[in-house]
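Visitor: I would like a close look at a single part of this model. Please keep to what can be computed from the atoms.

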Amino acid sequence: MSISEPDLKNKGAIISAKLGTKQAIIDILEKAMDKGIFDAVLIPMRVPAGDSFAYVLIKDKSLLKEAFPLPPVMSVQGGHAVSSVTRLGKGKTKIAVVMRPCEIRATIELSKLGQTNLENITLISIDCPGVLPISDFLSDPKKSIKLFDDAVQKWDDKIMRPVCQICDKSSMITGDIHIGTLGAKKDSFFIISSSQKGNDVLDKLDIALKDSIDSWEAKVKIISEEKLKKRKKNLKELKSKIGGIDNLLDAFSQCINCHNCMRVCPICYCRLCYFDSDKVKHPSEDYLQRAESKGSIRFLPDTTLFQMGRMMHMSLSCVSCGACEDACPMSIPVAQIFSMVADDTQGLFDYVSGRSLDEPLPLVTYKEEELHEVEDAND
Ligand code: SF4
Ligand code: SF4
Ligand code: SF4
């Protein structure tokens, strides 16, 4: 698996989708299960009540018809789901996983962090139009599904989450197989392979990779460039508002220290977070001393310390997926703040989280020639 950005040479096949893209994807997965290429499929599905979506590991292929490859919300970050299935080893089951690009990137980061085993996993991504803010969706699920479908038809991201509107990696291929809907003719889409594993799967499915994907690449390039421009502008504005410790304190002033943002983050994988441990619980005299030295102390304490600690621990692997912002009960733009910090920290190492399995995590490699900018800034 390696970086497969639009300008690199991928191979593709045009797939006819007269009954819609969703049905065509399900047909391909069913065929793959019939042929024993996959024993199971991990894919989003609508919950029985119809008002949300969940990742489901499907062994009975007749259930695939209920699958929802591109749900309107991200109720669980897919990286979490893959990690739950494979954290304790690869197992014997060959599993296809269908996810959005940011979820696949999180899965790749988790693999580098020893939290997933991808040997028997085939990662399948789809061009992603974004997802709705979970609070908007929950206010009227039925209406939201309709609005989402209309927005996807027009590829209009105005109703999507703020991080999705500035996601320049929504078609980035870092898994094994990618489903490209952009630039495709009516009633068709592209299947693109980007690894030997992907080639082998498509070969067994008799899908010949012989078609040009130039129109997909051209469309992806336009959209990615537009979004990158918007990302730089929006995050620059955000930095001007919350840069510096005082502004950062203000940004998190409404934080209630619930740690939801950490619990839903695919990259925050520690079983026991330091900030949930006894190490941050102190005897009452300590709090009284702190209250005495400052005049008062706010409870729950150390909210900003938690955010800064989390940033230091995981910003190099943050994939800007937005799960933390969706989970924040106080509507703090957590994902935008973390994306802003991640762009800076990852930029320092010329690293893009989840871009490639072959790219080592910056903090486990030592390069003699790096970080001169930081030295210069400190001179
Ligand atoms: S951040 Fe949003 S637009 Fe980007 S891949 Fe994830 S869900 Fe899609
Ligand atoms: S910090 Fe937020 S945006 Fe970044 S990976 Fe975690 S949940 Fe996603
Ligand atoms: S989810 Fe929101 S309120 Fe809860 S700890 Fe995170 S930033 Fe604070």
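Which residues are around ligand 2?

Guide: The model is a predicted one, and what follows should be read with that in mind. The residues around ligand 2 are C265, P266, I267, C318, V319, S320, C321, G322, A323, C324, A335 and F338. Sorted by class, this shell has 10 nonpolar and two polar residues, and no charged residues. The two polar members are S320 and G322, since glycine is counted as polar here. Two helices, α13 (323-327) and α14 (334-348), each supply at least two residues of the shell. A323 and C324 lie in the range of α13, while A335 and F338 lie in that of α14.

Helix α14 also has a neighbour in α8, which spans residues 214-242. The axes of α8 and α14 come within 10 Å and cross at roughly 100 degrees, which makes the two helices roughly perpendicular. On the α8 side the contact is made by L235, L238, K239 and I242; on the α14 side it is made by Q336, I337, S339, M340 and D343. By class, this contact has five nonpolar, two polar and two charged residues. The charged residues are K239 of α8 and D343 of α14, and the polar ones are Q336 and S339 of α14. Charged residues thus occur in the contact of α8 with α14, whereas the shell around ligand 2 has none.

Ligand 3 can be set beside ligand 2. There are 13 residues around ligand 3, of which C255, C258, N260, C261 and C328 come nearest. The shell around ligand 3 has 10 nonpolar and three polar residues, and again no charged residues.

As for the setting, the secondary structure of the protein chain comes to 15 helices and seven strands. The radius of gyration is 22 Å, close to the 21 Å that the globule rule gives for 379 residues, so the chain is as compact as a globular protein of that length. Along the principal axes, the C-alpha atoms fill a box of roughly 75 × 50 × 40 Å. Of the 379 residues, 41% count as buried. Among contacts with a separation of 6 or more, 74% are accounted for by residues 24 or more positions apart.

One mostly covered element elsewhere in the chain is helix α2 (residues 78-86), with eight of its nine residues buried. The buried residues of α2 pack against β2 (40-46), β3 (53-58), β4 (95-99), α3 (101-112) and β5 (121-126).

Definitions and conventions: Residues are numbered from 1 along each chain as its sequence is written. Chains are lettered from A and ligands numbered from 1 in the order in which they are written. This is a predicted model: local features need pLDDT of at least 70, side-chain atom pairs count only at pLDDT 80 or more; totals for chains, interfaces and linings use all residues. A residue is near a molecule or strand if its C-beta atom, placed from the backbone, lies within 6 Å of it. Helices (H or I, at least four residues) and strands (E, at least two) are DSSP runs, numbered from the N terminus. Axes are lines fitted to C-alpha atoms, for helices over the stretch in contact, and angles run from 0 to 180 degrees between N-to-C directions. Angles under 35 degrees count as roughly parallel, over 145 as roughly antiparallel, 65 to 115 as roughly perpendicular and the rest as oblique. Two residues are in contact if their C-beta atoms, placed from the backbone, lie within 7 Å. The radius of gyration is taken over C-alpha atoms; the globule rule is 2.2 Å times the number of residues to the power 0.38. A residue is buried if 20 or more other C-beta atoms lie within 10 Å of its own, exposed if 12 or fewer, and partly exposed in between; C-beta atoms are placed from the backbone.
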